[in-house]
Structure formats: structure tokens, C-alpha cells
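Reader: I'm a first-year student and I'd like to look hard at one small part of this structure instead of skimming the whole thing. Could you pick a starting residue and walk me outward from there?

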Amino acid sequence: MNLSRKWVKSTLILVEACLDKTWEILNSGHWQSVPVEYRYCYSLCTILKTILVEIQYNNDEITKNMALLKIIVQQIDKGILLGAPLPNMPSLLPTIAAKLNCALELLEPLNLKELIIDSKNLLQSSLPGFTEITYYNKPSMELFYREIFMLKVPALLKGCIKHWKALERWKDLNYLSKIAGNRTVPIEIGSRYTNEDWTQQLLSFSEFLQKHILGKHNEVGYLAQHQLFEQVPQLKDDFTIPEYCNFSDNDEVESPDINAWFGPSGTVSPLHFDPKNNLLCQVFGYKRVILYDPKDSSALYPYNTRLLSNTAQVDPLNPDYEKWPNFVKAKGLMAYLKPGEMLYIPPKWWHHVTALTPSFSISFWWN
């Protein structure tokens, strides 16, 4: 069927108008309150726009036109980030984006400088007033279940992910750029999400690497709590889900939520808790983690607002005892998380995380 250029152009205008309108709806109010139908609509319009652009330009023009390719990949990523996976074709958008990213990498390969992580001068002894978290060397499934999971106590686990290819591959930023360089990702701007100047930006992954990981930027940029591996599934080949995630607090075993945490030295996750079991796995770089028992919650002065009710007002590294006098009663644990190590954080345990160097972590959350 031959479609006229005029028809394709006019249809593109209609599809883009639909995308703009749906974008407004998706970005107004609370995300949870937006009906999923609007997210499906955004995904479908993204697919239609991609097809129409392919019809408008023949394949040779598209593969040779970097600017056009980037626009298409950017639109697809917006579809992945704001849309919803289509029930019958959940991997369609990530698959298309991956192929186009490969074409872009062939046209415009990046040559990023080496990421140097200096750990020699890091303070790795416990800070005054904190107790070291107990560590285990590759604990058996039985030991993990009996002494850690059932008792719901934090534990530092060593030697459990040394088989991950990511431990070596991801230190090479050119490798990451080749797979995800032109993909659009949400970056938190600001050292911590409780600050008034904290915001978010959509950047290409390569721009994030150059500005915030390799460059000295005035503002801290953090790829935080992002389901990067659903967006770029090729990276899943470099790690495996820890077997400990098979233990459940209920009768059903579900796949864990997997999130990426990638940023420069100085990123901070303020003292907060999560409702699920958490295995925080360190791919490269070093982090300091401080934890408090849920029993200490009142002494940590959680925010009264609904959005921040799981976040403490106290900064455990610089506490104001006049403002928060009961904090003196809280007993903190701490650990230094090194490459190849995992930290088990039980549900509702408060944790404060500081990146001491450029760092890439993966978290596995499950019930």
C-alpha cells in the first residue's frame, strides 16, 4: 500500500498532538492516580510515531541521519519511561530502542576516559558511636534463612556475587555507553531528595556519564532508584538475581524489583526506610551505610508529610541534638560496602547511604 507523503505528515501531526496531550496528563498530579489507560495510550502513540517516521524516511536515510535516529530513540525512551508495557508485546519498545542504539553507536562511537576510583585514602573504620554490621562470607541458603532472614537483622554478605560479569565490565564506561549511551534516563539533580533545590532531568546516558561521572559538575547528578534493566534489558546478562531472594515473607515468591543506583562521589540517600526486603549489591565504588532498628523510629523524627513519612528529619552524620533531643537514644549500625559485596537491609530498617567514590549499585526489593 502506497501512502502519500501528505497523509503521513498530517497523521504525524495528529499522533504528536495525542502524545503532547497525554504527556500533560501523565505529568500532572500524583503518578499513582493517573489511569493506566493513559500510559497505554502514550506507548501506542510512541509506536505509531516510530512507524510513521520510518515510512516518511526510507531506511537508508534513517540509519545515516544521526539527528533523526536520536529523536526516535528519545521518543521511544519516553514511551518506556512514561508509558506502560503492552500486555501482548511487553518488550517491543526496549527491543526497538536497543537496535537503534546499536546503529547510533556504529555511527558515533564515544571514546570516554577511564573511570579512576581511588580507595586508598577512604576512612573504613567505624565512626564513633556506631556498631559494625555483622558480616558473613558466602553464607549458605540455610544459614541466611535461619540467622538473617528469619530474624530480620542487617548483614554484610561477601563472596556472593563474584561471578557477576558486571563487576569488571561496568567499570569500563565505554562498554556501558555502547549499550545505553543514547538512551534517555531520569537523573536526580541535587545531593539529596529532601533539599529544596532537588529536581529531576531527562538526559542521555552518555551525557550523564560525561557531565556527572567523569566531569566536575557544580550539581550532583544521580541515576537513582531507576529500573534501568527493564529499559535496557541487555545489561541483565551481566548479573543474576541472588538466590536469597527466593525466601519470602508470604506464601508467594515473586520476582524482585531491580533498581540501578549510579552516581559520582557525594550522592546521599537521606535516612529512610523501605517496606520490602532489600539486597543492596555493590558493582563498583564504595559506599558507607548507616542503619537503625525500626524500634528507634520515634527517635529519628520522621517527616509528618505523606510523601516523606518514610524519611527521617535527623541527619545521623550531623545531628542537631537541641532540635532532635531523643536522637541520642538511637543506636546506629554501620558498614562500608565494597565492590562485590551485598548488604541485606530488612523491611522498615532505616538506612542512610553515602557514596564515597563514583559508585554503581543494584538493589533487589522483594516481599
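**Starting from one arginine**

Author: Let's start with Arg146, which is partly exposed at 42% relative accessibility. Before we go on, keep in mind that this is a predicted model.

What does the side chain of Arg146 meet in a salt bridge? It's Glu142, with 3.4 Å from N to O. Both residues belong to helix 6, and because they sit 4 residues apart, about one helical turn separates them. There's a neat general point behind that: an α-helix has 3.6 residues a turn, so residues three or four places apart point the same way. Is Glu142 buried or exposed? With a relative accessible area of 58%, Glu142 counts as exposed, since the cut-off for that label is over 50%. Arg146, at 42%, is partly exposed. A third residue joins in too: Glu142, Arg146 and Glu147 are linked in a network of salt bridges.

While you're at this helix, have a look at Tyr145. It is placed in helix 6, residues 141-149, and is partly exposed, with 33% relative accessible area. Together with Met150 and Leu151, Tyr145 makes a nonpolar surface patch of about 310 Å². So this stretch gives you charged side chains in a network and also nonpolar ones in a patch.

Now let's move outward. How many salt bridges does the structure hold? The count is 11. Two others are worth a visit.

One joins the side chains of Glu341 and Lys158, at 3.9 Å from N to O. Glu341 lies in the loop between strand 11 (332-337) and strand 12, while Lys158 is in strand 3, so this pair ties together parts that are 183 residues apart in sequence. The two partners sit in different surroundings: Glu341 is buried, at 8% relative accessible area, whereas Lys158 is partly exposed at 24%.

The other salt bridge is between Arg169 and Asp238, whose closest N and O atoms are 2.6 Å apart. This pair also links distant parts of the chain: Arg169 is in helix 7 (residues 166-169), Asp238 is in the loop between helix 10 (228-231) and strand 7 (257-263), and their positions lie 69 residues apart in sequence. Arg169 is partly exposed at 34%, but Asp238 is buried, with just 1% relative accessibility.

Let's go back to strand 3 for a moment. Leu156 is found there, in residues 155-158, and it is buried, with a relative accessible area of 7%. What does Leu156 touch, leaving aside residues up to four places away in sequence? Its contacts include Ile133, Thr134, Tyr135 and Tyr136, and also Ala335, Tyr336 and Leu337. Glu341, the residue you just met in a salt bridge with Lys158, is another of the residues that Leu156 touches, along with Met342 and Leu343. To see how the chain comes back on itself here, check Leu156 against Met334: they are 178 residues apart in sequence, yet 9.9 Å apart in space, C-alpha to C-alpha.

From there, step along to strand 12 (342-345). Strand 12 pairs with strand 9 in the antiparallel sense, over 4 bridges. One matched pair to look for is Leu279 with Tyr344, the latter in strand 12. Strand 9 also has a partner in strand 14 (residues 359-366): 7 bridges join these two, and they run antiparallel as well. In strand 14, Ser363 is the bridge partner of Leu280. Why call strand 9 largely enclosed by the rest of the structure? Because 8 of its 8 residues, 277-284, are buried.

For a last stop, follow the chain into the loop between strand 12 and strand 13 (350-355), where you'll find Lys348. Its phi is near 65°, a positive value in a residue other than glycine. Lys348 is partly exposed, with a relative accessible area of 48%. Gln225 has a positive phi too, near 50°, but you'll find Gln225 in strand 6, residues 221-226.

Note on methods:
Residues numbered from 1 in each chain as written. Predicted model: local features only at pLDDT ≥ 70, side-chain atom pairs only at ≥ 80, totals over all residues. Heavy atoms only, no water. Buried < 20%, exposed > 50% of the residue type's maximum accessible area, 1.4 Å probe, protein only. Patch = residues over 30% accessible without salt bridge, like charges linked within 9 Å, V, L, I, M, F, W, Y side chains within 5 Å. Areas by Shrake-Rupley, 256 points an atom, 1.4 Å probe, with all protein chains shown as cover. Salt bridge = Lys/Arg side-chain N within 4 Å of Asp/Glu carboxyl O. Pairing = 2+ DSSP bridges. Contact = heavy atoms within 4.5 Å.
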